[in-house]
Amino acid sequence: LRVTNRKLYDALQKAPNRLDKYCPIRERCPSRTVMRSQLDPTFLRTIAGLFSVLVARGITFSCYILINRRACRFDAVEDFNNAREGLTDAQVFDVSAYGPSQGRHWGFAREYWDKARDWPTFLQENHTFTELWKWLQGITSNMITNVPGFHPANFGDLTAYLTAVDLAYGK
């Protein structure tokens with residue numbers, strides 16, 4: 001294979017070691033494969049399911065705890081804290097999992113749990129991908145009546161987008 005574009009060549013050389021970042025087929029990436037195997041559609045429509053997706057996307061994506069320990073499904077914040085016990089910060093979160101970040105740290109788990117507990121009715125309703133994405137960006141939409149935006153503190157547009165995709169599987 002002859003690649004003339006140096007940037008493309010460099011990215012292809014990195015791909016085997018960082019598939020979550022460089023694999024063009026999202027569903028085949030290591031973190032997404034673990035998430036897909038453990039976060040079934042019924043579970044995604046629960047408080048614990050929302051919390052688990054928020055942790056996977058906002059904290060543990062592309063890290064040892066998710067990929068190697070397959071720690072992805074949490075029924076409460078205490079389950080997540082127990083799973084990270086004995087691990088280094090680098091094994092639990094990657095501050096640049098999606099590139100420049102608004103911050104990643106295991107400390108966001110409490111906020112995610114508290115926010116997820118406020119939304120049991122919302123989770124049981126059917127929402128379009130666009131509604132979920134706007135909700136995660138903190139945008140209140142007239143498509144979602146009487147529901148204020150959610151917006152986790154460290155979620156940027158990309159993290160909100162990918163989380164909305166994950167939650168859309170719960171329909």
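Student: Where in this predicted model does R45 lie?

Tutor: R45 sits in the loop that links α4 (41–44) to α5 (47–60), and please keep in mind throughout that the model is predicted.

Student: Which side chain of opposite charge is nearest to R45, and how far away is it?

Tutor: A salt bridge needs the charged atoms to be within 4 Å, and R45, although buried, has none, since the nearest side chain of opposite charge, that of E125, is 8.1 Å away. The side chain of R45 does, however, make a polar contact of 3.2 Å with the side chain of N126.

Student: How should I read a helix such as α3, and which of its residues are buried?

Tutor: In general, an α-helix has 3.6 residues a turn, so residues three or four places apart point the same way. In α3, which spans residues 30–38, the buried residues are S31, R32, V34, M35 and Q38. Seen down the axis of α3, these buried residues fall within an arc of 160°, so they line one face of the helix. Among the elements that cover them are α2 (19–22), α6 (64–67) and α12 (157–168).

Student: Which residues touch the most other members of the largest nonpolar core?

Tutor: As a general idea, nonpolar side chains in soluble globular proteins tend to be buried together. Here the largest nonpolar core has 45 residues, and L50, F51, I59, F80, W135 and L136 touch the most other members; the largest share of this core, eight residues, comes from α5. Leaving aside neighbours within four places in sequence, I59 is in contact with residues including F80, V92, W106 and Y112.

Key. Residues are numbered from 1 along each chain as its sequence is written. This is a predicted model: local features need pLDDT of at least 70, side-chain atom pairs count only at pLDDT 80 or more; totals for chains, interfaces and linings use all residues. Side-chain values use heavy atoms; hydrogens and water are left out. Helices (H or I, at least four residues) and strands (E, at least two) are DSSP runs, numbered from the N terminus. Buried means under 20% relative accessible area, exposed over 50%, partly exposed in between (1.4 Å probe, protein chains only). Lys and Arg count as positive and Asp and Glu as negative; His and the chain ends are not counted. A polar contact is a pair of N or O atoms within 3.5 Å; within protein, one must be able to donate a hydrogen and the other to accept it, and residues adjacent in sequence count only if both atoms are side-chain atoms. A nonpolar core is a set of buried Ala, Val, Leu, Ile, Met, Phe, Trp, Tyr and Cys residues joined through side-chain atoms within 4.5 Å. Contact means heavy atoms within 4.5 Å. The arc is that of the directions from the helix axis to the C-beta atoms.
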